[in-house]
Every structure is written in C-alpha cells, then in structure tokens.
Amino acid sequence: MPKKVIEIHGLTKVYEMGEVEVRALAGVDLLVDEGEFLAVMGPSGSGKSTLMNILGCLDRPTAGSYLLDGVDVSTLNRDERAVIRNAKIGFVFQSFNLLPRTSAAENVELPLIYGDLGWSRTERHKAAMDALHRVGLKGREHNHSSQLSGGQQQRVAIARALVTDPAMLLADEPTGNLDSRTSEEIMGIFQALNDSGKTVVLITHEPDIAQHAKRVVTVRDGVIQHDEKIQQHRVDVRGIAAPVAPMPAEATR
Amino acid sequence: MKSSVMRISNITLVGLRAIARNKMRSFLTALGIIIGVGCVIAVVAIGNGATKSVENTINSLGTNYIMLFPGASTSSGARMFTGNSTLTADDAEAIKAEAPAVAYVSPTVRAAAQIVAGELNWGTSIQGVSVDYPLIRSWNVSQGTFFSDQDVKSASKVCVLGNTVAENLFTDGQAVGQIVRIKNVPFKVVGVLEKKGGNMMGQDQDDTVVAPYTTVMKRLSGKTKIDMIQLSAASAGQVQEAQNEIDAILRQRHRIGPNGDADFQMRSQEEIAQAQGQQTAILRMLLLVIAAISLLVGGIGIMNIMLVSVTERTREIGIRMAIGAKGRHVLLQFLFEAVTLAIVGGVLGVALGVGASLAVKHFLQWPIVVTPASVALSFGVAAFVGIFFGYYPARKAAKLDPIDALRYE
C-alpha cells in the first residue's frame with residue numbers, strides 16, 4: 001500500500017468578517033498517495049484558494065485534521081509551519097515569485113539557507129545547480145530574473161521548489177501568466193517530475209491544464225464535489241526545447 | 001519536532017545579498033548616518049583643536065606665571081580696568097625686592113602704533129616691559145639681543161621686534177641694527193623675538209614690538225602708571241605663596257587693611273586655565289547637542305527608509321516566509337540590514353569626518369585634533385541607532401502574514 005502524503009478529514013475553515021461568518025471550507029476529506037498527480041479545480045469563491053493555503057501550511061484549519069507526510073500539521077504555530085513548509089512543501093506560484101535582481105542559482109538556494117540542513121555554501125550551491133539542470137536551465141544559472149523569459153522564470157521557481165526534495169510540489173496556477181505553448185512546457189516538466197516519483201498537487205481553474213494531471217478534484221461551495229481519475233494528457237517531452245533530466249537520486253536507486 | 005536554528009552566517013548572507021541587490025536604496029539609507037557621523041567627528045575635532053590650542057597657549061605661559069591687574073576684584077571675577085590704574089613701576093620694584101617667592105617681575109604698559117621703517121609701515125601693539133619679560137614668558141630672541149637693564153633705567157630708544165613685524169618691515173631679514181620710527185620717535189632694533197605663533201584667541205603673538213617700559217611711558221603713551229605687572233613665582237609650588245606675599249606688599253603700599261577691598265587683582269596660570277576650561281566646557285556641550293541631533297536625524301532616516309523598504313518588499317517577505325523563513329529570520333534579516341547600513345555608514349562617516357577635519361586643518365590652518373574617542377563614540381552610536389531604529393521596521397516585516405504578503409501587489 002503506497003504511503004499517504006496528504007490525509008485530510010473533516011476539514012473546515014471559517015473566516016469571521018465582522019458579524020458575518022464565511023464558511024470557506026465546509027468539511028473536506030481528501031487522501032493523496034505518494035507519487036500522485038492531483039489537480040484541484042474550482043471556480044473562484046469555491047474555497048479552492050483556502051484549501052491551497054491550508055495544504056501549503058500557510059494557514060490553519062478551523063476544525064478537522066491534516067496529516068502531511070504523516071505529520072499532523074493542523075495545530076502547528078507560525079514558526080512550526082514555517083519549518084514544515086521548508087522541509088515538506090515545494091511552492092510554485094502563478095507569478096513565479098522570484099527575488100528580483102537575484103541570480104537563478106541564488107533564488108534556488110534560498111530554501112536551503114532557511115532550512116539549515118547543516119550544509120556548506122558549496123553543497124548548497126551544488127544542490128541549486130543540480131535542481132536547475134533538472135528543469136533544463138543549464139547555462140542560465142547566473143542570469144537574473146529580468147534576463148529570463150516567463151517560462152524560464154517558472155522553471156527557476158520549480159527548481160527552487162525541488163531543491164529541498166519535499167514530500168510534494170504545490171503549484172498554484174503555475175501557468176496563469178504563461179502563453180499556451182510555454183504552459184505545455186511547464187506541465188511537461190511537472191509530468192516528468194511526477195514520473196520520477198514526485199507527488200504533485202496542482203491548483204487551477206483551467207480544465208485544459210487540469211487534464212495534465214492523473215486525478216482531478218473539483219471543489220465547490222467549500223466541499224469536494226467531484227473526485228475522479230482521468231486519462232492524463234501527456235506532453236511530449238521531446239517536443240520541449242529543454243528536456244527534464246532525471247532526478248539524480250532516482251537514477252542511482 | 002526538530003527545531004530549525006538558522007545559522008547567523010546564513011542570516012548575514014541573506015542580509016548582505018539584500019543590501020547588494022539595491023545599492024541606491026542602501027546608499028540613501030546610510031547617507032543620514034554618513035553625514036551624521038561625519039559631522040560629529042569634524043565638529044568634535046575642531047572643538048578639540050580649539051580647546052587644545054587654548055590649553056597650549058595657557059601652558060606656554062608657564063606654571064609659575066602670575067598676572068597682576070589694577071582695579072577692584074569683583075565677586076564674579078571679571079577683569080575690569082577702571083579708568084585710572086592703581087599700579088606703578090615702584091610697586092613692581094617693591095615686589096621684586098620684598099617677595100622671596102617671586103622670581104621675576106616685569107611692569108607692563110601697552111600702546112598701539114604705526115611703525116615705519118624706510119618705505120614700509122606696519123600697525124601693531126607696543127609692549128613696554130622690563131628685562132625680566134623674556135624670562136617670565138620663556139621667550140628668547142632669535143637675532144640680536146634683548147635690551148638691557150641699563151636701557152630700561154635710561155629709557156633708551158631701543159626695541160625688540162616680534163617675528164611678524166620684523167618680516168613685514170625688513171623683507172631682507174636684516175632687522176637688527178636698523179632704525180624704526182614709532183610715533184615719529186626713532187628706535188634702534190636690537191633684536192628679533194623667536195616665532196611663537198597664534199594664541200588662544202587666534203591672535204598672532206608675533207605681531208608685537210617690545211621696548212623698555214620706561215621708554216614707552218615717557219616717549220609714547222605719556223602714562224605715569226602701568227597697565228599690569230607680569231610675574232613668575234620662583235617655582236610652580238610657590239605660586240600661592242607668591243600671591244600671598246604680593247597681596248601683603250601691595251596692601252601695605254596702597255594702605256588697604258586686611259579686610260578692605262583690594263585695588264588690584266591677580267590671576268595665576270592655573271586660574272586662567274580654569275576660566276578658559278569653563279568656556280570650553282560650554283562649547284563642548286553645545287557640540288555634543290549638535291552631534292546628538294544629527295545622529296538622531298540620521299537614525300530617523302534609516303527608520304524611514306527601512307519602513308518604506310518593508311512595504312516595498314512585502315512580496316519578497318512573503319516568498320521568504322512561504323519557503324520556510326520564520327518570523328525571527330525575517331526580523332533578524334531586516335535588523336541585520338539596518339545595523340550593517342548603520343555601521344557601513346558609520347565607517348564612511350568616520351572617513352568623511354576625518355577627511356573634512358584634515359581639509360579644514362590644511363586649508364584654513366585651524367588646529368584640529370581627531371580623537372579616537374570621538375571616532376569610537378560616533379561609531380558606537382551609529383550601530384546603536386541602527387538597532388534602535390531598525391527594530392520597528394524589522395518587527396513589522398516579521399509580523400506580516402505570508403498569505404497576504406504573497407498576494408501583495
């Protein structure tokens with residue numbers, strides 16, 4: 001039986017806006033196995049973003065339990081959640097969110113700096129280089145964000161998410177700012193990473209993008225409405241300019 | 001759960017990269033401190049220089065120096081010349097003869113005059129003194145000789161020129177043996193005094209002419225009383241003794257009882273130094289206030305720009321938090337940035353201040369003393385200002401909610 005990366009039971013989130021209570025999540029149950037490629041769909045206001053914030057340990061649920069990689073994270077405080085985010089989650093955002101005027105390599109190193117794995121600068125630098133090579137950015141390591149295209153910037157962001165070898169990649173509308181061809185490219189990278197065993201959770205409102213996952217969960221009015229395995233729309237990696245290298249750890253396994 | 005303790009070296013790395021990423025902003029942030037510290041150092045250096053030169057001048061009088069003035073001593077100790085002097089040359093003679101603790105005595109009269117030598121002329125002050133004057137002031141002649149006791153007794157028309165006067169009247173440097181005319185009276189130049197430099201008031205001490213007091217009284221001022229008496233005690237330890245003896249002699253000669261108001265007053269070198277010291281203390285206090293204000297303004301500048309910077313970098317803070325920065329990491333990073341900017345600003349400020357001080361010394365010929373204490377102090381204050389004014393913006397950054405910060409446009 002595969003290991004569970006996400007185990008959510010009866011998750012609710014209530015925002016108090018003055019007198020009014022808004023139930024953003026009204027009892028969500030969700031199980032995600034290691035190695036899955038899950039897309040979370042839903043229109044705006046469905047509770048999708050709230051779910052993403054809780055999945056990403058940026059926020060805490062009002063009630064219910066959330067086990068991430070076997071650790072109960074639903075009751076952790078701010079600092080404890082920061083540690084979990086660093087160790088177990090790799091974020092990829094819609095607007096890339098790279099540090100400006102900073103090289104690709106330095107951006108990718110950042111999670112290692114906060115993680116304190118006891119690594120030396122050289123080790124961190126090497127890990128960042130490896131991650132950048134895996135997303136096909138060899139030769140671009142020292143470019144600043146402003147010298148990279150949107151697709152390249154998103155690859156840097158994916159490398160940054162990968163570098164700590166997290167339990168899951170959590171991508172929030174990763175193709176929202178990209179044209180359709182580049183979007184395909186990025187989805188191809190996610191698929192390749194998933195093929196090598198990485199759990200990917202993708203938050204999107206675009207059905208086309210969701211088709212790249214293996215399983216689609218639809219959220220509406222704070223509950224999961226649909227949960228189905230789908231036929232994955234494969235991106236031909238050979239068609240992509242920069243192919244994804246296999247994970248070095250996996251290659252030696 | 002494993003608690004992640006981020007290494008200080010990592011924080012400094014993150015902070016240094018953030019500073020390097022925005023050089024202009026960093027420079028502007030530090031500018032307040034640069035100017036503040038530079039200002040403090042330059043101002044303190046100039047103040048110290050002034051104090052030092054005053055001290056030097058007073059010390060150059062010699063520790064056994066005493067000045068004796070005519071006029072009633074007032075409770076405030078202010079020196080006051082009443083219309084008529086009460087001191088005579090005979091008083092000076094009597095002190096010299098009767099006070100064992102007094103080594104040298106010189107009656108002193110002053111006059112201002114235009115001195116003419118050939119086609120050149122020079123306006124200066126004439127001091128009428130006795131042969132003891134060079135001994136009291138430890139001031140020797142560099143050319144020729146000082147006038148003799150015989151010159152004083154016979155009121156000879158001889159004089160000794162200060163260095164400045166000699167240079168202005170005799171451009172060839174051959175002053176000794178020449179004749180100068182003071183108020184149409186011809187004086188023979190017998191010597192030139194050593195160069196002594198400026199005094200505490202910035203006056204050139206070498207801009208003077210020294211002649212026998214008898215000659216000055218008879219030929220130039222027409223006075224019968226003298227302006228003051230300059231004396232020196234036999235040793236530094238005998239200053240008080242000498243003052244007591246002088247007091248007793250003058251009270252007897254002027255017929256003033258032991259409880260009556262004296263018609264003369266004395267100042268020892270030590271008392272002059274004390275009076276000057278009080279003035280300098282006020283000057284120093286004023287400078288300190290200016291220094292404190294300029295550093296405060298610099299600190300507020302840092303806080304101001306750091307606050308703007310936190311707002312501007314909200315998104316960056318959100319990213320850092322999302323990928324695992326704790327509130328403490330963000331706090332330390334911003335604090336480190338503020339302190340680094342303050343310290344770098346401090347270093348540049350020290351360089352600026354020392355540079356400005358040296359420039360003032362070089363171009364304006366002011367006495368300047370840069371003390372290590374003022375450097376250390378302003379540097380320390382700069383670092384403190386960085387921590388103090390950096391803390392509030394840093395705490396604001398650390399308290400941001402990562403969700404809001406990530407969404408911030």
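**Two sheets, a core and a contact**

Biologist: Which residue of β4(A) does His9(A) stand opposite?
Modeller: This is a predicted model, so every value here is computed from it. Strand β1 (residues 4-17) of chain A and strand β4 (residues 63-68) of chain A run antiparallel, joined by five bridges. Across from His9(A), in β4(A), is Ser65(A).

Biologist: In what order do the strands of the open sheet of four stand in chain A?
Modeller: The pairing in this sheet is antiparallel. Its edge strands are β2 (20-33) and β5 of chain A, and each pairs on one side only. From one edge to the other, the order is β2-β1-β4-β5.

Biologist: Which residue in the turn of the hairpin of β4(A) and β5(A) has a positive phi?
Modeller: β4(A) pairs with strand β5 (residues 71-72) of chain A over two bridges, in the antiparallel sense. Leu67(A) is matched with Asp72(A), and Leu68(A) with Val71(A). Two residues lie between the strands of this hairpin. The one in the turn with a phi of about 55° is Asp69(A).

Biologist: Which strands stand at the edges of the open sheet, each with a single partner strand?
Modeller: Six strands of chain A make this open sheet, in the order β6-β7-β8-β3-β9-β10 and with mixed pairing. Each edge strand has one side left without a neighbour in the sheet, because it has a single partner strand. The twist from one strand to the next averages 20°. The edge strands are β6 (89-92) and β10 (223-229) of chain A.

Biologist: What is the bridge partner of Val40(A) in β8(A)?
Modeller: Strand β3 (residues 37-41) of chain A pairs in the parallel sense with strand β8 (residues 199-203) of chain A. Four bridges hold that pairing. In β8(A), the partner of Val40(A) is Ile203(A).

Biologist: At about what angle does helix α6 of chain A run to β8(A)?
Modeller: Two helices can be placed against these strands. Helix α5 (residues 150-162) of chain A lies across β6 and β7 (168-172) of chain A, at about 170° to β6(A). Helix α6 (residues 180-195) of chain A lies across β3, β7 and β8 of chain A. To β8(A), the angle of α6(A) is about 150°.

Biologist: How many residues has the largest nonpolar core?
Modeller: Nonpolar side chains tend to be buried together in soluble globular proteins. Here, the residues with the most contacts inside the core include Val40(A), Ala159(A) and Ile302(B). Helix α2 (residues 23-60) of chain B gives the most to this core, with 16 residues. The core's full count is 187 residues.

Biologist: Which element gives the largest share of the side of chain A that touches chain B?
Modeller: The contact takes 22 residues from chain A and 24 residues from chain B. On the side of chain A, two elements give two or more residues: α2 (78-88) and α3 (104-115) of chain A. That side divides into nine nonpolar, five polar and eight charged residues. The largest share, seven residues, comes from α2(A).

Biologist: What percentage of the residues of chain A count as buried?
Modeller: Chain A has eight helices and ten strands. Take its contacts between residues at least 6 apart in sequence: 70% join residues at least 24 apart. Of the 253 residues of chain A, the buried share is 51%.

How values were computed:
Residues are numbered from 1 along each chain as its sequence is written. Chains are lettered from A and ligands numbered from 1 in the order in which they are written. This is a predicted model: local features need pLDDT of at least 70, side-chain atom pairs count only at pLDDT 80 or more; totals for chains, interfaces and linings use all residues. A nonpolar core is a set of buried Ala, Val, Leu, Ile, Met, Phe, Trp, Tyr and Cys residues joined through C-beta atoms within 7 Å. A residue is buried if 20 or more other C-beta atoms lie within 10 Å of its own, exposed if 12 or fewer, and partly exposed in between; C-beta atoms are placed from the backbone. Two strands pair if DSSP finds at least two bridges between them. Two residues are in contact if their C-beta atoms, placed from the backbone, lie within 7 Å. Ala, Val, Leu, Ile, Met, Phe, Trp, Tyr, Cys and Pro count as nonpolar, Asp, Glu, Lys and Arg as charged, and the others, Gly among them, as polar. Axes are lines fitted to C-alpha atoms, for helices over the stretch in contact, and angles run from 0 to 180 degrees between N-to-C directions.
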